[in-house]
Amino acid sequence: VIKLYKDEKLNSFGLVEGFNDVAEAIELQSNDRNTLIAQLTEKDTLGTISEREKRNLDANRKLLAQSEKLLGNIEKGIAPLLTCERLTLIYNDSTYALHTTDKSWLVRALKMLSKERTAADGSSSDCTDNPMYFKAASALYKLDPSAQAARSMGLLSVKNGMYSEAKKYFDDAIRQEVDPKKRAKDWLKLAVVAEKQGQLAEAKRACLESARANPESGEAYLFLASVYGKAAGTCGSNAFEKNAVYWAAINMANRAASVQPDLAARAESLASAFRKNVPDKSIAFQFNYKEGDTYTIGCWINERVVVRF
């Protein structure tokens, strides 16, 4: 489909339809595999799994990884072609008027408009500024309050600064979602909402749930590093204790890079900024701490760190 589009034998509508057909087929297979993997993993944990089921579990994990890699490669190829500007030709008032009760069309519209696009500098953006996103999200949630619909309403609520509403929608999405990687992203969105509300302990909990749902992603640890950084000065009663929080922030940034190596540059940039604010030797000495000692940060952070200058 991508080749046909580049050869000008297929228009933007055909490109989007072709992509969605393939992506949805992969998603249906992945959802089935995720459900089976969850069931067999539980049996494996309980020690009640048979040898045949173990082989089945391993096979489905490999197939799931292959599917994810396949879809990722397809998305890399199609992202430069489906710009936000081009999507306005497909998702607009005229096309929306023809599909206000078409669940399939609404789902596809929301997925395409909310799909993240990564820039050369590592930043990401989407096309949810398109007015059709609001209309499609509202219409779909009324028709079928599924995980995708709830997620879309959550993103919309965040854009409008309605964080309490956003939390309800993301909670709903997490409850219904069978794909652990999608759940991980929803948990991370919940963490962002909690941080904006000043609920830092809740933000930490959501980050850890995100990391648990997708152990291959370091994004949750990277965000938690920034949350810790913002908490400096609020935990502790003296200069050493208040700035010791930066050691915990550095640890989280390093953990993000170790889990997901392609985050190394962003993680190091964050850690470098934090290192400038850790307690210096003279302050640490005043409170009987030296290089290599351990210190447990209190309050909601509750992290054990090593003193390093």
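## Cores, salt bridges and selected residues of a predicted model

The largest nonpolar core has 46 residues, and those with the most contacts inside it are Y228, V245, W247, I297 and I301. Two or more residues of this core come from each of the helices α9 (163-176), α10 (180-196), α11 (200-213), α12 (219-230), α14 (245-259) and α15 (264-275). Helix α14 gives the largest share, 10 residues. A second core, separate from this one, has 30 residues, including Y5, L15, A136 and L156. In soluble globular proteins, nonpolar side chains tend to be buried together. The structure described here is a predicted model.

W247, one of the residues with the most contacts inside the largest core, touches F240, V278, P279, V305, V306, V307, R308 and F309 when residues up to four places away in sequence are not counted.

### The chain as a whole

The secondary structure of the chain comprises 16 helices and four strands. Its C-alpha atoms fill a box of roughly 70 × 50 × 40 Å along the principal axes. Of the 309 residues in the chain, 42% are buried. Among contacts with a separation of 6 or more, 58% are between residues 24 or more positions apart. The accessible surface of the chain is about 16600 Å², and carbon and sulfur atoms account for 53% of this surface.

### Charges and salt bridges

The chain carries 44 positive and 40 negative charges, whose mean positions are 2 Å apart. Side chains of opposite charge can pair when their charged atoms come close. The count of salt bridges comes to 25. Three of the pairs are listed below with the distance between their closest N and O atoms or from N to O.

| Salt bridge | N to O distance |
|---|---|
| E177 and R151 | 2.8 Å |
| E195 and K230 | 3.0 Å |
| K168 and E165 | 3.5 Å |

The salt bridge of E177 with R151 has its closest N and O atoms 2.8 Å apart. This pair links distant parts of the chain, with E177 in the loop between α9 and α10 and R151 in helix α8 (residues 147-159), 26 residues apart. Both E177 and R151 are buried.

The side chains of E195 and K230 also meet in a salt bridge. Here again distant parts of the chain are linked, since E195 lies in helix α10 and K230 in helix α12, 35 residues apart. E195 counts as buried because its relative accessible area is 16%, under the 20% limit. K230 counts as exposed because its relative accessible area is 55%, over the 50% limit.

The pair of K168 and E165 lies within a single helix, α9, where the two residues are three residues apart, about one turn of the helix. With a relative accessibility of 55%, K168 is exposed, whereas E165, with a relative accessibility of 30%, is partly exposed.

In addition to these pairs, E17, D21, E24 and R108 are joined into one network by salt bridges that share partners.

### Two serines of helix α2

S30 is placed in helix α2 (residues 12-46). Its relative accessibility of 7% is the reason why S30 counts as buried. Apart from neighbours within four places in sequence, S30 is in contact with L64 and S67. S30 and D93 are 63 residues apart along the chain, and their C-alpha atoms are separated by 33 Å.

S12 is likewise found in helix α2. S12 counts as buried because its relative accessibility is 13%. When residues up to four places away in sequence are not counted, S12 touches Y5 and I90; Y5 is among the residues of the second core.

### Residues with positive phi

Most residues other than glycine have a negative phi. E8, a residue other than glycine, has a positive phi near 60°. E8 is found in the loop between α1 (2-6) and α2, and its relative accessible area of 74% makes it exposed.

C299 is not a glycine either, and its phi is positive at about 45°. This residue is found in the loop between β3 (294-296) and β4 (304-306). C299 counts as partly exposed because its relative accessibility is 45%, which lies between the limits of 20% and 50%.

Terms used: Residues numbered from 1 in each chain as written. Predicted model: local features only at pLDDT ≥ 70, side-chain atom pairs only at ≥ 80, totals over all residues. Heavy atoms only, no water. Core = buried A, V, L, I, M, F, W, Y, C linked by side-chain atoms within 4.5 Å. Buried < 20%, exposed > 50% of the residue type's maximum accessible area, 1.4 Å probe, protein only. Contact = heavy atoms within 4.5 Å. Areas by Shrake-Rupley, 256 points an atom, 1.4 Å probe, with all protein chains shown as cover. Lys, Arg positive; Asp, Glu negative; His and termini not counted. Charge placed at Lys NZ, Arg CZ, Asp CG, Glu CD. Salt bridge = Lys/Arg side-chain N within 4 Å of Asp/Glu carboxyl O.
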